[in-house]
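I opened this notebook to keep track of what I looked up in the structure, entry by entry.

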Amino acid sequence: MKPFSSAISRTLKNPLVRAGIVLGMGFGGFADGIILHQILGWHHLICYTVNCQPTSIEQLQRENTQDGYFHLALWLVTLAGTALLFRAAPYAGPARKGRILFGSMLAGCGLFNFLEGIIDHQILGIHHVLPGHPHQLLFDMLFLANGILFFMIGAWLMRSPRKAAD
């Protein structure tokens with residue numbers, strides 16, 4: 001039985017996995033920005049008030065511009081993931097391509113949520129999932145748990161069954 005670190009190293013050498021993780025990070029960020037920033041209006045990339053509700057039109061415009069830069073960065077990440085996907089196609093192997101790609105994208109989405117939650121919510125404190133809510137920390141922890149869960153499900157999907165001869 002090989003050590004866990006060598007299995008991770010072997011998995012990350014798969015170009016399809018690398019492409020999927022980068023794509024998943026981009027899509028995970030888009031889901032955050034579209035759902036939490038734009039549709040629900042819970043927060044912006046950078047919040048200037050405790051509850052992240054702007055106090056002026058100028059402040060709302062500044063927050064929307066910052067969200068726009070966030071989305072631009074995510075678009076570039078997704079574009080890079082797409083380029084990696086095209087480069088990975090010839091090396092993907094005949095079996096389980098869809099499962100590996102979907103699993104690695106889900107893992108990448110979880111990785112984005114976890115890292116963004118740790119860095120932006122906990123370390124920098126530039127925003128929280130639902131700022132100003134009495135259970136703000138709970139929402140932040142659920143966001144981190146969501147990232148871990150997505151990552152674990154993605155890693156499980158990428159796993160090779162013992163009987164497969166990839």
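What relative accessibility does Trp-42 have, and how does Trp-42 count on that basis? I looked this up before anything else, bearing in mind that I am working with a predicted model, and I noted a relative accessibility of 24%, so that Trp-42 counts as partly exposed. The cut-off matters for this residue, because buried is reserved for values under 20%.

Entry on the overall fold. I counted five helices and zero strands in the protein, and I wrote down the order of elements from the N terminus on as α-α-α-α-α. Of the 166 residues, 36% count as buried, while the accessible surface comes to about 10,000 Å², with 71% of that area belonging to carbon and sulfur atoms. I also looked up how contacts are spread along the sequence, and found that, among contacts between residues at least 6 apart, 71% join residues at least 24 apart.

Entry on aromatic pairs. I searched the whole structure and recorded two aromatic pairs. In one of them, the ring centres of Trp-42 and Phe-139 lie 5.9 Å apart with the planes at 80°, so I entered the pair as edge-to-face. Trp-42 sits in the loop between helix H2 (15–39) and H3, whereas Phe-139 belongs to helix H5, and the pair therefore ties together parts that are 97 residues apart in sequence. Phe-139 has a relative accessibility of 23% and, like its partner, I noted it as partly exposed.

The other pair I wrote down is that of Phe-70 and Phe-112, whose ring centres are 6.4 Å apart and whose planes meet at 40°, so this pair is tilted. Here too distant parts of the chain are linked, with Phe-70 in helix H3 and Phe-112 in helix H4, 42 residues apart. I looked up the cover of both rings' residues: Phe-70 is buried at a relative accessible area of 10%, and Phe-112 is buried with a value of 10%.

Entry on His-37. I located His-37 in helix H2 and read off a relative accessible area of 4%, so I list this residue as buried. The side chains of His-37 and His-43 are joined by a polar contact of 3.2 Å. Leaving aside residues up to four places away in sequence, I found that His-37 touches Asp-32, His-43, His-44, Leu-45, Asp-67 and Phe-70, and Phe-70 is a residue that I had already entered as part of the tilted pair.

Entry on His-128. Which residues does His-128 touch, not counting those up to four places away in sequence? I obtained His-43, His-121, Gln-136 and Asp-140, and I noticed that His-43 also appears among the contacts of His-37. His-128 is placed in the loop between helix H4 (97–123) and helix H5 (136–158), and its side chain makes a polar contact of 3.3 Å with the side chain of Gln-136. With a relative accessible area of 18%, His-128 is buried.

Entry on the surface. I asked where nonpolar side chains gather on the outside, and found a nonpolar surface patch formed by Tyr-69, Leu-72, Trp-75, Leu-76 and Leu-79, with about 560 Å² of accessible area together. I checked Leu-72 in particular, which lies in helix H3 (residues 57–88) and is partly exposed, with a relative accessible area of 45%.

Key:
Residues numbered from 1 in each chain as written. Predicted model: local features only at pLDDT ≥ 70, side-chain atom pairs only at ≥ 80, totals over all residues. Heavy atoms only, no water. Patch = residues over 30% accessible without salt bridge, like charges linked within 9 Å, V, L, I, M, F, W, Y side chains within 5 Å. Areas by Shrake-Rupley, 256 points an atom, 1.4 Å probe, with all protein chains shown as cover. Salt bridge = Lys/Arg side-chain N within 4 Å of Asp/Glu carboxyl O. Helix = DSSP H or I, 4+ residues; strand = E, 2+ residues; numbered from the N terminus. Buried < 20%, exposed > 50% of the residue type's maximum accessible area, 1.4 Å probe, protein only. Polar contact = N/O pair within 3.5 Å; in protein donor to acceptor, adjacent residues only side chain to side chain. Contact = heavy atoms within 4.5 Å. Phe/Tyr/Trp six-rings, centres within 6.5 Å; stacked < 30°, edge-to-face > 60°.
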